[in-house]
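Q: Hi! I've just opened this one and could use a friendly tour. Can you walk me through it?

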Amino acid sequence: MNSLSDGPKAEAITVVLVEDDAPTLWRLQDALAKAGYQVRAAGTLAEARACLAQGAPKVLLTDLQLPDGHGVDLIRETRRRFPDTEIMVISILGDEESVISAITVGATGYLLKDAFPTDIAATVRDLVAGHSPISASIARFIVRRTQSTPEPPPGPVLNTAKLTPREIDILWGIAKGFSYAEIASHLGLSRQTVPGHIKSIYRKLEVHTRGEAVFEAVQQGLIKL
C-alpha cells in the first residue's frame with residue numbers, strides 16, 4: 001500500500017473525484033483510497049455539488065464532459081467557494097478552448113486521459129505540495145501559445161501591486177513550477193513562511209490561483225517566463 005508519510009498527513013487530505021465513466025471512477029477511487037486519501041466520488045455535476053456541500057476538499061479532480069453540465073462550471077464554483085482547494089482536470093479534451101477555459105477559471109493541473117500517470121496518488125501528492133501536473137502535450141501547447149504572443153514594447157516595470165523583491169522572487173519560483181519546499185530552499189527561507197508570502201502576493205495582485213498570479217505578474221513585467 002502506498003503511503004503519504006512523506007507528504008501531508010493522509011487524514012487531512014480529502015479528494016472530490018468527478019468522473020462519469022464508471023470503470024475509470026472506480027479505478028481512480030480505489031487507487032486514491034489505498035493511498036490513504038479520503039475520497040468523495042461523483043459521476044455527475046449534481047453529485048459533485050452535493051459532495052462539495054459537505055465541506056471544502058483539499059483537492060478536486062474533475063472531468064470536463066459530464067452528463068448534466070461542464071466541469072469548467074464546477075471549477076469556477078469551487079474556486080470561488082474554496083480558494084485554497086487544489087484543482088486538477090482529468091479529461092480527453094486537449095483543445096485550446098478547453099485547456100484555457102479550465103486554467104483561466106482556476107485549474108492548477110491538467111492531465112489528458114491518454115497520457116495518464118500510472119500513480120495518481122503520487123500526482124495528487126505533487127499537486128498538494130505546490131506543483132502543477134500538466135500532460136506533456138498540454139505543456140508544449142502552452143509554451144507555443146506563450147511564444148506566439150507578441151512581446152510587449154520595452155518600458156518600465158509597472159509593479160502596481162507594490163510587491164516586495166522577495167515576493168517577486170517567490171512569484172518567479174511559482175512560474176517555474178517549483179514546490180513550496182523548493183522555493184524555500186532556493187531563497188534560503190523557512191518552508192513554513194512561503195505560504196504566507198504567497199497569500200500576500202495573491203492579495204496584492206487580487207488573484208486566487210498560481211496561474212492567475214503568474215499571468216498578472218507577466219502582464220506587469222514583474223517576471224519573464
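Q: Which residues touch the most other members of the largest nonpolar core?
A: This is a predicted model, and in it Val18, Leu64, Leu74, Ile75, Val89 and Tyr110 touch the most other members of that core, which has 24 residues.

Q: And which elements give two or more residues to this core?
A: They are strand 1 (14–18), helix 2 (45–52), helix 3 (71–81), strand 6 (86–91), helix 4 (96–105) and strand 7 (109–112). Helix 2 gives the most, with 4 residues.

Q: Let's pick one member. What is Val89 in contact with, leaving aside its neighbours within four places in sequence?
A: Val89 is in contact with Thr62, Leu64, Ile75, Ala102, Ala107, Gly109, Tyr110 and Leu111. Among these, Leu64, Ile75 and Tyr110 are also on the list of core members that touch the most others.

Q: What does the second core include?
A: The second core is separate and has 19 residues, including Ile174, Tyr180, Tyr202 and Ala213. As a general point, nonpolar side chains in soluble globular proteins tend to be buried together.

Q: Back to helix 3 for a moment. Is Thr78 there buried or exposed?
A: Thr78, which has its place in helix 3, is buried, with a relative accessible area of 1%. It counts as buried because that value is under the 20% cut-off.

Q: What does Thr78 touch, leaving aside neighbours within four places in sequence?
A: Thr78 is in contact with Leu52, Leu60, Pro83, Thr85 and Ile87.

Q: New topic: pockets. What volume does the second largest pocket have?
A: Its volume is about 450 Å³. There are 20 residues lining this pocket, and the closest to its centre are Pro83, Asp84, Glu86, Tyr180 and Tyr202. Pro83 is also one of the contacts of Thr78, while Tyr180 and Tyr202 belong to the second core.

Q: Which element gives the largest share of that lining?
A: Helix 9 (residues 194–205) does, with 4 residues. By class, the lining has 8 nonpolar, 5 polar and 7 charged residues.

Q: Which domains does the lining draw on?
A: At least three residues come from each of domain 1 (4–128) and domain 2 (136–219).

Q: What comes after helix 9? Where is Glu206 found?
A: Glu206 is found in the loop between helix 9 and helix 10 (210–219). At 70% relative accessibility, Glu206 counts as exposed, because that is over the 50% cut-off.

Q: What about the phi of Glu206?
A: Glu206 has a positive phi of about 60°, although it is not a glycine. For background, most residues other than glycine have a negative phi.

Q: And in helix 10, what is Glu212 in contact with, leaving aside neighbours within four places in sequence?
A: Glu212, which sits in helix 10, is in contact with Thr104 and Val207. Glu212 and Thr104 are 108 residues apart in sequence, yet their C-alpha atoms are 7.3 Å apart in space. At 23% relative accessibility, Glu212 counts as partly exposed.

Q: Last one, the overall picture: how many helices and strands does the protein chain have?
A: The protein chain has 10 helices and 7 strands. Of its 225 residues, 44% count as buried. Among contacts between residues at least 6 apart in sequence, 63% join residues at least 24 apart.

Definitions and conventions
Residues are numbered from 1 along each chain as its sequence is written. This is a predicted model: local features need pLDDT of at least 70, side-chain atom pairs count only at pLDDT 80 or more; totals for chains, interfaces and linings use all residues. Side-chain values use heavy atoms; hydrogens and water are left out. A nonpolar core is a set of buried Ala, Val, Leu, Ile, Met, Phe, Trp, Tyr and Cys residues joined through side-chain atoms within 4.5 Å. Buried means under 20% relative accessible area, exposed over 50%, partly exposed in between (1.4 Å probe, protein chains only). Contact means heavy atoms within 4.5 Å. On a 1 Å grid over the protein atoms alone, a cavity is a set of points where a 1.4 Å probe fits but cannot get out, and a pocket is an open set with protein on both sides within 12 Å along at least five of seven lines; lining residues have an atom within 4 Å of a point. Grid points are joined across faces, edges and corners, and a volume is the space filled by probe spheres set on the points. Ala, Val, Leu, Ile, Met, Phe, Trp, Tyr, Cys and Pro count as nonpolar, Asp, Glu, Lys and Arg as charged, and the others, Gly among them, as polar. Domain bounds come from an automatic or database domain assignment.
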